[in-house]
Each structure stands twice: as C-alpha cells, then as structure tokens.
Amino acid sequence: MIRPLVQLGAVAGVVVSLSGCSLLSTPDPVQLYRFGLPMDAPSAEGDTPAPLSVSIRRIEFPEASSDDRILGVTGTETAYIGGARWVSPASTLFDDSLKAAFANRADQIRVLGRREPGTPPLVLQVTVTTFEARYAALGATPDVVITARAQLRSTPERRGEGAIRPEEGRSVERVFTVTQPASENRVSAIVAAFDTATRDINTQIADWTIRSAR
C-alpha cells in the first residue's frame, strides 16, 4: 500500500519544502516505472507522403511534476509517492508518448524534426498544467488527472491552402482533461492509471490536430 501523503510542515526535517511540494521518505531501493509506452505504429502503404506535416514544440510541464518523482495531491496538501520514481523525467516520457500518438497516424500527418530546416506549415505547442495522482482523502484510491492545453498555429506559408482559415498570426487551441481512476491504492495500479491517461490524452491531441488542420 502507498503510505499516506505527508501533511505539509507537519514533520520538520522529514518533509522538505520544494516549491510547495513534500517529499515522502523513500525506501531503498527505489522502484522505477514508466508510462505512455509507444504502441507499434501501423505500416504505411506505399511511399505516399502524409498530406499534413507539423512541428511539435518542446512540451511545457508544471515544475512540481516534471522530474522523475510521482506527485500526489490531497486537497491543498501535496507529496511525492515514496519508493517509486519514473525511469526518466515525466516531461520526457510524456513527450515520447505524444510523438508515438502521431507516429500511429503517419499516413495522415508527419511530425517534423525540431532541427529540420525551413518553416513548418503547422506548429503545435502542448502545455501540461496538471499531472498528478489526486486523492479524495488520505489513504483513498486516487484518480490520475492530466490536463493539457494544445495550441495549433499556422505559419504564413499555410495561408490560403484551406487547412486553417484564421488570419496570419491566429491559432486554434483546446484544453484537454483526462481523469483515470486507479484500480487500487498501490503504486503499480497508480502507474497503470498514469499510463492509460497519458495514452488517452495524447491520442485526443493527435486526432484534434489532424481535424483542425483539415
């Protein structure tokens, strides 16, 4: 079972203030987890290039949950789940998962490399504002909550092609929220909920990007 979230400021010297977050005591060794594992992308038929292409800017992530610790929230109290960490920073794993969602739609849209020369016709910026395990009460089974704002902008070269109609400098955007209940109050179940929620929200973002571009 996951140990209850530590009340902020309750135990001096055990709970460390970290920009509003608390760190639970961590047993040794620490178990590493990952989320958003990419699914096998379908093979594209023939050599026909995707009709759309987009450049994905580096994802913006909340500071409290951007690193390799798993953030839990109970009301106004926050704490990191003890004994577990992500194998890489959460922002990196989320970015990989988003790219995988687009890779599974390679017949419809191509993601341009961030170092590719030239001006991309479409630019996608994803800002994650919430990435946490949310407890209704101490010891309860949490819900994983992920909220992200996606903004799709067309560059001047895209004007007049019928994909995005706004005037130059305009963009379309949407806020996505996914709430995925964990099956029980155990680290493995919470990690599974993060995995499912991440896949879900990134699939929605990829599909919305394709629809908006068309």
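The largest nonpolar core, a set of buried Ala, Val, Leu, Ile, Met, Phe, Trp, Tyr and Cys residues joined through side-chain atoms within 4.5 Å, has 44 residues in this predicted model. Buried here means under 20% relative accessible area with a 1.4 Å probe, protein chains only. The residues with the most contacts inside the core are Trp 86, Phe 94, Leu 124, Val 126, Phe 131, Phe 194 and Ile 205. Several elements each supply at least two of its residues, among them strand E4 (77-86), strand E6 (122-135) and helix H1. Helix H2 gives the largest share, 12 residues. Helices (H or I, at least four residues) and strands (E, at least two) are DSSP runs, numbered from the N terminus.

Phe 194 touches Phe 35, Ile 70, Trp 86, Phe 131, Glu 132, Ala 133, Val 144 and Ile 146, leaving aside residues up to four places away in sequence; contact means heavy atoms within 4.5 Å.

The protein holds 2 helices and 8 strands, in the sequence pattern β-β-β-β-α-β-β-β-β-α. The axes of H1 (residues 90-103) and H2 (residues 187-213), lines fitted to C-alpha atoms over the stretch in contact, come within 9 Å and cross at roughly 50°. H1 is therefore oblique to H2, a term for angles outside the ranges under 35, over 145 and 65 to 115 degrees. Phe 94 and Leu 98 of H1 are among the residues making this contact, as are Ile 201 and Ile 205 of H2.

Residues are numbered from 1 along each chain as its sequence is written. Local features need pLDDT of at least 70, side-chain atom pairs count only at pLDDT 80 or more, totals for chains, interfaces and linings use all residues, and side-chain values use heavy atoms, without hydrogens and water.

How values were computed: Axes are lines fitted to C-alpha atoms, for helices over the stretch in contact, and angles run from 0 to 180 degrees between N-to-C directions. Buried means under 20% relative accessible area, exposed over 50%, partly exposed in between (1.4 Å probe, protein chains only).
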